Amino acid sequence: MINDIKVAMEREGIDVFGTSDCSAVVPEKFANTPYAITLGIRLSDAVVDKVEQGPTKMYFAHYRSVNALLDACSLKTIVMLQRGGYRALAVPASQTVSSAAIAGDFPHKTAANLAGLGFIGKNGLFVTTQYGPRVRFATVLTDMPLVSAVMIEQQCGQCSLCVSACPCGALTGRSWTPGSQREDIVDAALCSYYMKDKYQNIGRGSVCGICMAVCPFGKG
């Protein structure tokens, strides 16, 4: 069945697909749906390449469109799982639930990491083996038993282009290791505040993307 879902999602536009057992890391409220299906869509290089000097209105529009497609694919995945007799729910592509608007219900990168799809970079983003960080994700949690893959070690090495390029100094330059907290890698609150303060004219200050655009992984 999981192969049928993968084939269906590829037809819908999904570029990155993986499964994982997240039972050790899901919040208690998701304890009855501890397995994850990761869905990822590659962003347009033609759009992202123009973000190196700062976010653009075109990038914001593209960002929203990709998120909407991911959420639609998540819903179709849920329908397929339910028809197969399983429970399922979606963690939206881009939705914050914390009061500071810097955290979602469950990190997409955690599921993607357990699925062996790439690694967490110094930019705090998930860097896929195929497309670098130029991917947006959604996650479907389910009670359908699924397996994880081998996690990939971080491959940033001595590169610190994202750290140097960050306009507000939100990146620490530290490398992610199992057990690392997000704040060890990136000051998400500072990043969010800077975007809202400096980029209100571009998508209400909700996007930046510079650290993604300068990353050598995924560049053509």
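Biologist: Why does Phe137 count as buried?

Modeller: This is a predicted model, and in it Phe137 has a relative accessibility of 7%. Buried means under 20%, so Phe137 counts as buried.

Biologist: How many aromatic pairs does the structure hold?

Modeller: There are four aromatic pairs.

Biologist: Let's take Phe119 and Phe217. Why is this pair called edge-to-face?

Modeller: Happy to go through that one. The ring centres of Phe119 and Phe217 lie 5.4 Å apart, and rings pair if their centres lie within 6.5 Å. The planes stand at 80°, while edge-to-face asks for over 60 degrees. The pair of Phe119 and Phe217 is therefore edge-to-face.

Biologist: Which parts of the chain does the pair link?

Modeller: Phe119 sits in strand β4 (residues 118-120), and Phe217 in the segment after α8 (210-214). The two are 98 residues apart, so the pair links distant parts of the chain.

Biologist: What makes Phe217 partly exposed?

Modeller: Its relative accessibility is 29%, and partly exposed lies between the limits of 20% and 50%. Phe119 has a relative accessible area of 3%, which is under the 20% limit, so Phe119 is buried.

Biologist: Back to Phe137, then. How do you know that Phe126 and Phe137 form an aromatic pair that is edge-to-face?

Modeller: Their rings are 5.7 Å apart centre to centre, with 85° between the planes. The first value is within 6.5 Å and the second is over 60 degrees. Phe126 belongs to strand β5 (residues 126-128) and Phe137 to strand β6 (residues 135-142), eleven residues apart.

Biologist: Is Phe126 buried or exposed?

Modeller: Phe126 has 5% relative accessibility. That is under 20%, so Phe126 counts as buried.

Biologist: Strand β6 brings us to the sheet. In what order do its four strands come?

Modeller: The order is β1-β2-β6-β3, in an open sheet with antiparallel pairing.

Biologist: What makes β1 and β3 the edge strands?

Modeller: Each of them, β1 (16-21) and β3 (88-91), pairs on one side only.

Biologist: How do you know that β1 and β2 pair?

Modeller: Two strands need at least two bridges, and β1 and strand β2 (residues 35-42) pair in the antiparallel sense over six. Within this pairing, Phe17 stands opposite Leu39 in β2.

Biologist: Which helices go with these strands?

Modeller: Helix α1 (residues 2-12) packs on the sheet and touches β1 and β2, with its direction at about 150° to that of β1. Helix α3 (residues 57-83) lies across β2, β3 and β6, and runs at about 20° to β6.

Notes:
Residues numbered from 1 in each chain as written. Predicted model: local features only at pLDDT ≥ 70, side-chain atom pairs only at ≥ 80, totals over all residues. Heavy atoms only, no water. Phe/Tyr/Trp six-rings, centres within 6.5 Å; stacked < 30°, edge-to-face > 60°. Buried < 20%, exposed > 50% of the residue type's maximum accessible area, 1.4 Å probe, protein only. Contact = heavy atoms within 4.5 Å. Axes fitted to C-alpha atoms, helices over the stretch in contact; angles between N-to-C directions.
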